Amino acid sequence: MTYDWAARDVVLFGGYDATTYLNDTWTWDGASWSQADTPIAPPARAGAGIALDRATKRLVMFGGYDGQHDLGDTWIWDGRSRSWTEQHPVTQPKAVTGPMLFTDPRTGRVDMFGGFDGTLFHAETWQWTGSDWRRMHPATSPYARGAGIAALDRQRRSVVLFGGIGDLNPDNTWTWDGTNWTLQSPAHQPPQRFYSAADYDPGAGGVVVFGGASGGGDLNDTWVWAGGDWTQLSFADAPSPRESHGMTFDGADQRLLLFGGSARGVLENDTWSL
């Protein structure tokens with residue numbers, strides 16, 4: 001789930017409904033959800049990554065899991081024609097679930113980090129060139145992981161990455177400037193989590209993270225990264241604890257939008273805004 005700045009609506013694709021994996025596409029116009037008519041659509045999946053390529057003003061989706069296999073296909077969503085197109089890059093990353101896709105702060109292209117291929121967690125950084133994937137070779141990289149959060153901090157022109165699942169401790173905060181990863185040492189940090197969701201909120205002045213799964217159960221706390229440190233935000237009324245939800249900043253409505261997820265093992269289809 002992410003915001004399409006060209007069509008000015010929120011786009012949600014696929015997921016899992018406790019019975020089957022889905023390949024339907026929905027858009028949010030600020031008041032209601034509408035299912036898009038897509039004669040051509042990606043195969044059903046959950047756990048894919050999706051982000052905006054500012055260079056082409058289209059959304060790029062990669063990876064996921066269809067119930068049997070990790071996926072390695074690349075699809076483009078054009079919000080103006082409301083259509084999906086499969087890409088056929090010469091070079092492509094390993095098929096993974098839980099990759100973190102985000103807009104590069106320097107080029108506006110879609111970058112990708114990590115994921116899980118069914119055996120190994122990955123620590124590679126890739127960039128979508130518009131027609132192919134190019135592996136990047138930063139001097140330092142976060143520890144291998146999948147299912148973390150990675151979101152563009154538009155105010156500071158950097159990407160913040162936090163949490164996820166990995167063989168080594170993923171309970172750490174990294175930033176990406178488009179060239180290199182830097183390990184941060186904040187005084188405060190959210191509790192470890194995976195299958196959380198995050199996006200930049202100008203009202204909060206940083207990247208807002210909500211919920212996720214932890215070793216002690218699902219969470220419903222809210223944290224903001226405003227550069228240098230994490231701060232917890234408190235709300236009298238908040239969504240129930242959950243993981244695997246979608247969340248994005250709705251540029252038309254100027255609010256964060258949250259949908260669905262798994263709350264205490266029960267799947268949800270509620271919609272919240274902040």
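Lys and Arg count as positive and Asp and Glu as negative, with His and the chain ends left out.

**Figure 1. Charge and surface of the predicted chain.** The structure shown is a predicted model. Its chain carries 20 positive and 32 negative charges, and the mean positions of the two sets lie 7 Å apart. The accessible surface of the chain comes to about 11800 Å². Carbon and sulfur atoms contribute 48% of that surface.

**Figure 2. Overall fold of the chain.** The chain contains 23 strands and zero helices. With a radius of gyration of 17 Å, close to the 19 Å that the globule rule gives for 274 residues, the chain is therefore as compact as a globular protein of that length. Along the principal axes, the C-alpha atoms fill a box of roughly 50 × 45 × 35 Å. Of the 274 residues, 52% count as buried. Among contacts in the chain with a separation of 6 or more, 48% join residues 24 or more positions apart.

**Figure 3. Close-up of valine 209 in strand S18.** Valine 209 belongs to strand S18, which spans residues 206-214. Its relative accessibility is 0%, and valine 209 therefore counts as buried, the cut-off being under 20% relative accessible area. Apart from neighbours within four places in sequence, valine 209 is in contact with Ile149, Arg193, Ser196, Ala197, Ala198, Asp221, Thr222, Trp223 and Trp230. Serine 81 is 128 residues away from valine 209 along the chain, and the C-alpha atoms of the two are separated by 31 Å.

**Figure 4. Close-up of arginine 82 in the loop between strands S7 and S8**. Most residues other than glycine have a negative phi. Arginine 82, in contrast, has a positive phi, near 50°. Strand S7 (74-78) and strand S8 (83-87) flank the loop that holds this residue. The relative accessible area of arginine 82 is 31%, and the residue is therefore partly exposed.

**Figure 5. Close-up of glutamine 254 in the loop between strands S21 and S22**. Glutamine 254 is a residue other than glycine with a positive phi, here near 55°. The loop in which glutamine 254 is found runs between strand S21 (246-250) and strand S22 (255-263). Its relative accessible area is 49%, so glutamine 254 is classed as partly exposed; the exposed class begins over 50%.

Notes
Residues numbered from 1 in each chain as written. Predicted model: local features only at pLDDT ≥ 70, side-chain atom pairs only at ≥ 80, totals over all residues. Heavy atoms only, no water. Helix = DSSP H or I, 4+ residues; strand = E, 2+ residues; numbered from the N terminus. Rg over C-alpha atoms; globule rule 2.2 N^0.38 Å. Buried < 20%, exposed > 50% of the residue type's maximum accessible area, 1.4 Å probe, protein only. Contact = heavy atoms within 4.5 Å. Areas by Shrake-Rupley, 256 points an atom, 1.4 Å probe, with all protein chains shown as cover. Charge placed at Lys NZ, Arg CZ, Asp CG, Glu CD.
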